[in-house]
Amino acid sequence: MSFRLISCLCIVIAAQYGDALSIERSNNRYVKLPVVHSTNRQVFAKVYEDKRAISTVPLAKRSDVAYYAKLNIGTPAQSVYVQLDTGSFELWVNPDCTNLQGTSDVRFCDAVGHYDPSSSSSAVQLSSTKTLRYGIGSANIQYVTDTVGLAGTDALLQNVQFGVAFETTDEFSGILGIGHGENVTIRYKNMIDQLAAQGVTQTKAFSLALGSKSEQEGAIIFGGLDTSKFTGTLQTQPIIPAGNSPDGVPRYWIDMQSLSITPPSGNTKQYPNTSMEVFLDSGATLTLLPTTLANAIAADFGADATDSNGFYPVDCDFNNQSGTLNFDFTGVTIRVPYREIVREIQTSFGLQCYLGISPSDDFALLGDTMLRSAYAVFDQTNNAIHLAQYSNCGSNEKEITAQTDLGSVKGDCQAPNFQAANSDSDPLSPSNGTGVGASNSPDSGASWDLGLDKWVLIWAAIIHCGTGFLI
């Protein structure tokens, strides 16, 4: 973690009954893996059946709630969900659910699945162990090797090394770290390395579209990208070398040029002294900014100070307004609508809203509250991140090859109409604008009767039809 249809109808229905129809594969060397938000109640329905438990300790109040992907591990395959984390480097599974405090945390932990090496004929337990420490929580792991399949695809990796936890603290899921791997941060091949080494991808690059709040889900494409998920041309941002980065660790550090706010009036206000190094972390819900800057932004949202939990309470009416927070990088400005930067949490006292930014003087981190509005290609092969404004206008997937000039790839979508944004209109995904705070928003969704696996299969079928900070 850190401080995540009519021609297709028969496929969608059949997806409830087996994995075979959810296979995502092309002749090209890339694979697409669905990712879903932890508070998506259509997918994680059983977690939210006890409304009293949710009101007592809402999962969404955890600072490490993020996006999840499904892996099939071992022979026969055992399905587990892991948190997708660009801020760490290793894969591990099996959190200890017994020492969690909140009932909803325990329910979620139980729902992500459990892997038993002794039940896999292809598992090999290694003698080495390690302690992984995160901004919140830790995991003591023993390494194993086994087959790892990406759910909804026919990609099956052999002899993948990962950790099986025998003790965890304050962790309710395993983590899929997709930062730098072998000979950079660790001594063995991580998932990104293995995908390239085993010929699934041609380069060590992947694209990430988390999707807007009303969409509740997105996709990661290993070795490929989707030009119908962004507008404009991808702009290349060099990754800052570890030796020059704020923490000296090889992460996805890049330079941000400035930060500004455009309220509904359209009069943009530039915040001073906002040129800084930031790193992109899908494993973090919140965006962390220097205290002075965070306080200034919060003041523009009517918040005088943080509450006892370190959050800035704001008026939920900001979800109905058309303003944006603007993150400026070389060649591109990522505009984040108010409705994406404001978090809604359903409690026993009703809907409460908080700014999706938190103060931190240790480092600047762009978490999910910012990344949902960006399309990012993480390119380890060329030590760069290629950014564009996220916009969803369909599906048009392309392989990333050694010859691909990512800095010249243009998106298919028109620029979002941010001025038209309101509670019933999603500028990032117009066809999915069902409204913030409605029954399908990530922090306050309604429960469905279908189980976890069935909903992910349905989601994968629809997509097939074309529709961590680790310390």
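**A walk through the predicted model**

The accessible surface of the protein comes to about 17100 Å², and carbon and sulfur atoms account for 48% of that area. The structure is a predicted model, not an experimental one. Of its 471 residues, 59% count as buried. The chain folds into 8 helices and 27 strands.

The interior comes next. In soluble globular proteins, nonpolar side chains tend to be buried together. Here the largest nonpolar core has 73 residues, and the members that touch the most others are Phe162, Phe222, Ile297, Phe301 and Phe329. Take Phe162 as an example: leaving aside residues up to four places away in sequence, its contacts are Ile73, Leu91, Val93, Tyr115, Gln142, Tyr143, Val144, Asp146 and Val148. Another core lies apart from this one; it has 14 residues, including Leu225, Tyr375, Ala388 and Leu428.

Now turn to the strands, starting with β26. This strand spans residues 384-390, and 7 of its 7 residues are buried. Strand β12 (residues 230-238) pairs with β26 through 6 bridges in the antiparallel sense. Along that pairing, Gln237 stands opposite Ile385. Strand β25 (residues 374-379) also runs antiparallel to β26, and 6 bridges join the two. One of the paired positions here is Asp379, whose bridge partner in β26 is Ala384. The hairpin of β25 and β26 has 4 residues between the strands, and Asn383 in this hairpin takes a positive phi near 50 degrees.

Elsewhere, 4 strands form an open sheet with antiparallel pairing, in the order β15-β14-β19-β20. Its edge strands are β15 (269-270) and β20 (332-337), each of which pairs on one side only. Strand β14 covers residues 258-262 and is joined to β15 by 2 bridges. Within this pair, Ile261 stands opposite Lys269.

Two helices show how burial can follow the geometry of a helix. An α-helix has 3.6 residues a turn, so residues three or four places apart point the same way. In helix α5 (residues 291-300), the residues Leu293, Ala294, Ile297 and Ala298 are buried. Seen down the axis of α5, the buried residues fall within an arc of 135 degrees, so they line one face of the helix. Ile297 of this helix has already appeared among the residues that touch the most other members of the largest core. After α5 comes Gly302, which has a positive phi near 85 degrees.

Helix α3 (residues 103-111) can be read in a similar way. Its buried residues are Ser104, Asp105, Phe108 and Cys109. They cover an arc of only 140 degrees around the axis, and therefore sit on the same side of α3. Gly113 follows α3, with a positive phi near 100 degrees.

One last residue is worth locating. Asp85 lies in strand β3, which spans residues 78-85. Is Asp85 buried or exposed? Its relative accessible area is 0%, and a residue under 20% counts as buried, so Asp85 is buried. What does the side chain of Asp85 reach? Its partner is the backbone nitrogen of Gly283, at 3.5 Å.

Conventions: Residues are numbered from 1 along each chain as its sequence is written. This is a predicted model: local features need pLDDT of at least 70, side-chain atom pairs count only at pLDDT 80 or more; totals for chains, interfaces and linings use all residues. Side-chain values use heavy atoms; hydrogens and water are left out. Two strands pair if DSSP finds at least two bridges between them. A nonpolar core is a set of buried Ala, Val, Leu, Ile, Met, Phe, Trp, Tyr and Cys residues joined through side-chain atoms within 4.5 Å. Buried means under 20% relative accessible area, exposed over 50%, partly exposed in between (1.4 Å probe, protein chains only). Contact means heavy atoms within 4.5 Å. Accessible areas come from the Shrake-Rupley method with a 1.4 Å probe; for residues, only the protein chains shown count as cover. A polar contact is a pair of N or O atoms within 3.5 Å; within protein, one must be able to donate a hydrogen and the other to accept it, and residues adjacent in sequence count only if both atoms are side-chain atoms. The arc is that of the directions from the helix axis to the C-beta atoms.
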